[in-house]
Amino acid sequence: MSRKTEKVNSLFREEISQLLLREVKDPRLSGVISVTEVIITPDLRYAHIYVSMMGSEEGKKGIISGLESASGFMRRELAHRIQMRRIPELIFVRDDSI
């Protein structure tokens, strides 16, 4: 992975974490959620966002569906915060490695 790609991944991770903490007002996203990693494809079309969360199995499914429904809002906010030609499509992946 190149240095530029690592910087973009890190920037997206920080901005998405801030959006989840302060901006997104979905009641399904009220638990403990942390963005563990962001991997953006080399063509900058997709961003795989690995999310770790606590709670029951049904609660985790609710959190993933809440994140998917908030992805449009998050892309718009990222477009205002990050100067890129194209903001990638956000794909949320549950991270159970912890």
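1. Let's start with helices α1 (residues 3-23) and α3 (residues 71-81): their axes come within 11 Å and cross at roughly 120°. Axes here are lines fitted to C-alpha atoms over the stretch in contact, with angles from 0 to 180 degrees between N-to-C directions. The two helices are therefore oblique to each other, a word for angles that are not under 35, over 145 or 65 to 115 degrees.

2. A word on the source: this is a predicted model, where local features need pLDDT of at least 70 and side-chain atom pairs count only at pLDDT 80 or more, while totals for chains, interfaces and linings use all residues. Residues are numbered from 1 along each chain, and side-chain values use heavy atoms, without hydrogens and water.

3. Now look at how α1 and α3 meet: the crossing is right-handed. From α1, the contact (heavy atoms within 4.5 Å) includes Phe12, Ile16 and Leu19, and from α3 it includes Phe73 and Leu78. By class, the contact residues are seven nonpolar, one polar and four charged.

4. Finally, which helix gives the largest share of the lining of the largest pocket? Helix α1 does, with four residues.

Methods. Left-handed = near helix turned anticlockwise from the far one by under 90°. Nonpolar A, V, L, I, M, F, W, Y, C, P; charged D, E, K, R; others polar.
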